[in-house]
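Student: I've got a protein model open and I'd like to learn how to read it. Could you walk me through how helices pack and what a core is?

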Amino acid sequence: MTRRNGTPFALLILLLPFLAFLSAAAEEGGEAYDLDRCIRTALEANRGILLQEVEEDRASQRVREAWAGALPQIGLEGTLNRNFKRPSFFFGGFPGGEGDSAGGEAAPSEDVVIEIGNRYDYTAALSLRQPLWVGGKVGAALKAAKIYDRAVDQDTRSVEREVVLQVRRLFYTALLAAEEVEVYRSALEQAERNLEIARLRRDRGLASDFELLRAEVAVSEAEPPLIEARNRVRQSENDLKIALGVDLDSAIRPTGDFRFEPVPPERMEALAERAVEARPDRRSLALQADLLAQNVRVNKADRWPGFYLIGSYQFQGSSDDLDFQERERTTAYSGGLLVSYPIWTSGATTARIRQAEADRRAAIIRLEQLDEEIRREVRSAAFDMESATDRAAAAAKTEEQARRAYEIAETSYENGLLTQVELLDARLALTRSRVARLRALHDALAARAAWERAVGLSWSEEGS
């Protein structure tokens, strides 16, 4: 068998189709990203979601902190002193001095200074403080922490839905740009094919030089829209890379079916009815109102006495050196019940309670406003989607008519029954109708994404 460079020539022949396939794939370029992969990548890399994850961790720590308020608090304190000048006390009235007191005069008195303590002393104390009842403050704080934890989780879900909406819009825009490239490439190929026909007709004396020139101009006019469309592809892919957190120098290729399926009316109605309760931002605001209600309870608890179980264990020692002997050390321990009752706080407690109640009323009003906004948003999104659906259907019908018209015009031109100008008009009408249909599809897909976000669908529900 003949060999070239040590490789069987027949093997090279067999590999030619595979090499051609690899060459075509290299020309397409870029790693394939469908919509699901785009969304998963964006959710993993989005900084807003990463911040929400930090907030979730903070919320869980608040729950632990609230639990700590119901558990015993144990502390240990200790001091070691060096008495450079020891404390003293005085004894006075002691007789003293020289002289005879027999003559009837009393001897002058003398004060005696006595130093107490040693050069070194230490004190250590182990204390215990266990809340028994503090007006319900601990329970309210624990409920508030758990509510806050759930509210943060809903905030995360809300951020995720915004990310999904943004990525879907960018993904559809990238698909639209790629589809428009195909439309304008097809238009250029049609113009080139018509130019060949015009040359044949001119060579046979069936067409004038003007007709050939007009066909050449048509080819030149078809190139700029294709160049602009390719530029839009690069721009849309860069926008998508930024949203995905992908390096701008890496090559990606958005892939997917660019088609739109209308939502059944009964599904739209059912989802619109549950939208208020399904929206994570609404759930978060409702939880915040509950959180402020617990804050009212916490502040009201300051009007009630607090009962605590307390205990202590003390170690003491005193010595002239740092070698504390057994006789120089002592211990003491005690236990009891501590009652703390705020009799008068100059109105500070009442002011805090009223502020907390005002905050709760404001949250309820904001919740009512949000309910109205959600209903308006859902209705508006439904109208936009219905309008986009109708426009997509009308554009598809127009494209089909333009396609048929162009096929007739092309056949008629080949048979000499139509002029180059009339053929050009038919081709331009077909190109415009194809682009209009694609843009109508893009608008319908974007409108559906906005509607699904408005009714509170998660991506798993949207993708189903």
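Tutor: Sure, let's begin with handedness. A crossing is left-handed if the near helix is turned anticlockwise from the far one by less than a right angle, and right-handed if clockwise. Keep in mind that this is a predicted model. Here, H5 passes H9 in a right-handed crossing.

Student: Which residues of H5 and H9 meet there?

Tutor: From H5 you have Glu211, Arg214, Ala215, Ala218 and Arg232, and they meet Gln420, Leu424, Arg427 and Arg439 of H9. Sorted by class, that contact has five charged, three nonpolar and one polar residue.

Student: How do I describe the direction of one helix against another? What is the angle between H5 and H9?

Tutor: Angles under 35 degrees count as roughly parallel, and those over 145 as roughly antiparallel. H5 (residues 209–244) and H9 (residues 420–454) pack at about 15°, their axes 10 Å apart. So H5 is roughly parallel to H9.

Student: And at what angle do H4 and H5 pack?

Tutor: About 165°, with the axes 8 Å apart. That angle is why H4 counts as roughly antiparallel to H5. Their crossing is left-handed. The contact of H4 with H5 has 24 nonpolar, 13 charged and two polar residues.

Student: Okay, now the core. What's the general idea?

Tutor: In soluble globular proteins, nonpolar side chains tend to be buried together. In this protein of 464 residues, 35% count as buried. The largest nonpolar core has 73 residues, and the ones touching the most other members are Val167, Leu244 and Trp451.

Student: Which element gives the largest share of that core?

Tutor: That's H4, with 17 residues. Elements giving two or more residues include H2 (35–45), H6 (265–278), H7 (280–300) and H8 (348–414), along with H5 and H9.

Student: Can we zoom in on one residue? What is Leu244 in contact with, leaving aside its neighbours within four places in sequence?

Tutor: Leu244 is in contact with Tyr33, Cys38, Thr41, Ala42, Ala45 and Val167. There's also a second, separate core of eight residues, with Ala144, Ile147, Ala151 and Leu287 among them.

Student: Last one: how do I get a feel for the whole fold?

Tutor: Count the elements, then see how far apart in sequence the contacting residues are. The protein has 10 helices and 10 strands. Of its contacts with a separation of 6 or more, 84% are between residues 24 or more positions apart.

Notes. Residues are numbered from 1 along each chain as its sequence is written. This is a predicted model: local features need pLDDT of at least 70, side-chain atom pairs count only at pLDDT 80 or more; totals for chains, interfaces and linings use all residues. Side-chain values use heavy atoms; hydrogens and water are left out. Axes are lines fitted to C-alpha atoms, for helices over the stretch in contact, and angles run from 0 to 180 degrees between N-to-C directions. Helices (H or I, at least four residues) and strands (E, at least two) are DSSP runs, numbered from the N terminus. Angles under 35 degrees count as roughly parallel, over 145 as roughly antiparallel, 65 to 115 as roughly perpendicular and the rest as oblique. Contact means heavy atoms within 4.5 Å. Ala, Val, Leu, Ile, Met, Phe, Trp, Tyr, Cys and Pro count as nonpolar, Asp, Glu, Lys and Arg as charged, and the others, Gly among them, as polar. A nonpolar core is a set of buried Ala, Val, Leu, Ile, Met, Phe, Trp, Tyr and Cys residues joined through side-chain atoms within 4.5 Å. Buried means under 20% relative accessible area, exposed over 50%, partly exposed in between (1.4 Å probe, protein chains only).
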